[in-house]
Amino acid sequence: MTEQRSAAIYGVGSMGGAILDGLLSAREPHDPEVLAVVRRADQAAELDSRDGVRAVGAEEAAAQADVHLVTVKPYDVLDLLRPLHAALRPGSVVVSLALGISLADLRGALPEGVAAVRGMPSTPARVGQGMTVLSVGDDVSDDQLDAVRTLLAPTGRSVVLPEGQQDVATALSGSAPAYFYLVVEALVDAGVAGGLPRATATDLAVQAALGAGSMMRESDLEPVLLRAQVTSPGGSTAAALRELEAGGLRETFARAVRACTDRSAGR
């Protein structure tokens, strides 16, 4: 197992909080002595009361940590980093998990000797089922990348892609949980319209989503073949799929991915 590096999380909003929860609830949680969370005044009491959290100021975290996870809003990232220029230690690595902040943006805000990584996480990190898409600068060593991936491991999986693929990856990963929530929401509404209690419809649809995801993760078969296994010729599933296809499901998802990719790229 890779030796744990000291880490700081800057910002514990929706995404930062999800990552923090993933780290703290892991089967082998991150060493509480090396996890520092930069606090806002209104979050201080809550953070200080949590086991495994050491709430500190930004400059103290910058001076102590080896890996810096920056999870503030995109418009705050560079404003956060620039005042820490003198405090960040050479050999440390800064990971921006904010949409649209490029490696070039990060390098411009960091001192010489501090490496830059761009990442896009997803909120299922809170339950250890997230995916973080990472892009690394030329100055990131294998050891530094391994340290970042080891730190994020309790939150789920990670993949390293060229920076030019970050925007479409965002559409298929960072934003995609919302698509599946919408699908489940639509199924629940349809089940209620068919006479099921909402709680029962929700339980059925959520378990179907969980089971299908697990099948796709654990099976060697492509999704199209798994779908075929559930679809008897002329059966009820085939009838349902025919309606989805007639409704333009594939093209709707294609447009959604294009729209998300364009927005992520600032187009």
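**View 1. Salt bridges across the predicted model.** A search of the whole structure, which is a predicted model, finds seven salt bridges. Let's start with one that joins distant parts of the chain: Arg118 pairs with Asp167, and their closest N and O atoms are 3.9 Å apart. Arg118 belongs to strand 6 (residues 115–120) and Asp167 to helix 7, with their positions 49 residues apart in the sequence. Arg118 is buried, its relative accessible area being 9%. Asp167 has a relative accessibility of 16% and counts as buried because the cut-off is under 20%. Glu163 joins in as well: Arg118, Glu163 and Asp167 are linked in a network of salt bridges.

**View 2. Two salt bridges with partly exposed partners.** Here are two further pairs to find in the model. The side chains of Asp79 and Arg82 meet in a salt bridge, at 3.6 Å from N to O. Arg82 is partly exposed, with 46% relative accessibility, while Asp79 is exposed on helix 4. In the second pair, Asp189 and Arg198 bring their side chains together at 3.1 Å, N to O. Arg198 counts as partly exposed at 46% relative accessibility, and Asp189 is also partly exposed, at 36%.

**View 3. Helix 4 and its buried face.** Which residues of helix 4 (residues 74–81) are buried? They are Val77, Leu78, Leu80 and Leu81. Looking down the axis of helix 4, you will find these buried residues within an arc of 160°, so they line one face of the helix. On the other side of helix 4, Tyr75 and Asp79 are exposed. The buried residues have several packing partners: strand 1 (7–10), helix 3 (58–64), strand 4 (67–70), strand 5 (93–96) and helix 5 (103–109).

**View 4. Helix 6, with a buried side and an exposed side.** In helix 6 (residues 142–152), the buried residues are Gln144, Leu145, Ala147, Val148, Leu151 and Leu152. Around the axis they cover an arc of only 155°, which puts them on the same side of helix 6. Turn to the other side of helix 6 and you meet Asp142 and Asp143, which are exposed.

**View 5. Helix 8, its length and its packing.** Does the length of helix 8 agree or disagree with what its residue count leads us to expect? At 1.5 Å a residue, the 18 residues of helix 8 should span 26 Å, and the C-alpha atoms at its ends are 26 Å apart, which agrees. Ala176, Pro177, Tyr179, Val184, Val188 and Gly191 are buried in helix 8. These buried residues pack against helix 7 (166–174), helix 9 (198–218) and helix 12. Just after helix 8 comes Gly195, which takes a positive phi of about 110°.

**View 6. A nonpolar patch on the surface.** Val183, Leu187, Leu244, Leu249 and Phe253 form a nonpolar patch on the surface, and together they have about 400 Å² of accessible area. Helix 8 (176–193) and helix 12 (249–264) are the elements that give two or more residues to this patch. One of its members, Leu187, sits in helix 8. Leu187 is partly exposed, with a relative accessible area of 49%. Helix 8 thus gives us two things to look at: residues in the surface patch, and buried residues that pack against helix 7, helix 9 and helix 12.

**View 7. Gly100 and its surroundings.** Where does Gly100 lie? You will find Gly100 in the loop between strand 5 and helix 5. Gly100 is partly exposed, its relative accessible area being 40%. Setting aside neighbours within four places in sequence, Gly100 is in contact with Asp105 and Arg118; Arg118 is the residue that forms a salt bridge with Asp167. Gly235 makes a handy landmark: Gly100 and Gly235 are 135 residues apart in sequence and 46 Å apart in space, C-alpha to C-alpha.

**View 8. Stepping back to the protein chain.** To place the close-ups, it helps to see the chain they come from, which has twelve helices and eight strands. The C-alpha trace spans about 70 × 40 × 35 Å along its principal axes. Of the 267 residues, 39% count as buried. Among contacts with a separation of 6 or more, 61% come from residues 24 or more positions apart. The chain exposes about 14800 Å², and carbon and sulfur atoms supply 56% of that area.

Definitions and conventions. Residues numbered from 1 in each chain as written. Predicted model: local features only at pLDDT ≥ 70, side-chain atom pairs only at ≥ 80, totals over all residues. Heavy atoms only, no water. Patch = residues over 30% accessible without salt bridge, like charges linked within 9 Å, V, L, I, M, F, W, Y side chains within 5 Å. Areas by Shrake-Rupley, 256 points an atom, 1.4 Å probe, with all protein chains shown as cover. Salt bridge = Lys/Arg side-chain N within 4 Å of Asp/Glu carboxyl O. Helix = DSSP H or I, 4+ residues; strand = E, 2+ residues; numbered from the N terminus. Buried < 20%, exposed > 50% of the residue type's maximum accessible area, 1.4 Å probe, protein only. Arc of directions from axis to C-beta. Contact = heavy atoms within 4.5 Å. Expected span 1.5 Å × (residues − 1).
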